[in-house]
Amino acid sequence: MYAPPKTVKRNRNRREDYGKSICVSIPFHKLDREEKMDEIVELEGWDSRSQMILALVDKRYKAVMGGELRSYV
């Protein structure tokens, strides 16, 4: 009938992490943000939404940790 499933043992000492996927939830009343993201990606020359989002996170983190926005903390 069918061949038994093949079991592959991975080397647990060597990590094979290639990144991580996350899901971004967009509320119904803000669905236009998806189009805006695509427009920004195209205008600024990013390869993907992921690259754009990571760059925005880096920029925001630098601003917050750099003291620009820490006046109330």
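**Exercise 1.** Is Lys 36 buried, partly exposed or exposed?

*Solution.* The model is a predicted one, in which local features need pLDDT of at least 70 and side-chain atom pairs count only at pLDDT 80 or more, while totals for chains, interfaces and linings use all residues. Residues are numbered from 1 along each chain as its sequence is written, and side-chain values use heavy atoms, with hydrogens and water left out. Buried means under 20% relative accessible area, exposed over 50%, and partly exposed in between (1.4 Å probe, protein chains only). With a relative accessible area of 43%, Lys 36 is partly exposed.

**Exercise 2.** Find the salt-bridge partner of Lys 36 and place the pair along its helix.

*Solution.* A salt bridge requires a side-chain nitrogen of Lys or Arg within 4 Å of a carboxyl oxygen of Asp or Glu. The side chain of Lys 36 meets that of Asp 32 at 3.4 Å, N to O. The two residues lie 4 apart in helix 1, so about one helical turn separates them. Asp 32 also forms a salt bridge with Arg 33, where the closest N and O atoms are 3.0 Å apart.

**Exercise 3.** Identify the salt bridge that ties helix 1 to helix 2.

*Solution.* Helices here are DSSP runs of H or I with at least four residues, numbered from the N terminus. Asp 38 and Arg 49 meet through their side chains in a salt bridge of 2.6 Å, N to O. Because Asp 38 lies in helix 1 and Arg 49 in helix 2 (residues 49-65), this pair ties together parts that are 11 residues apart in sequence.
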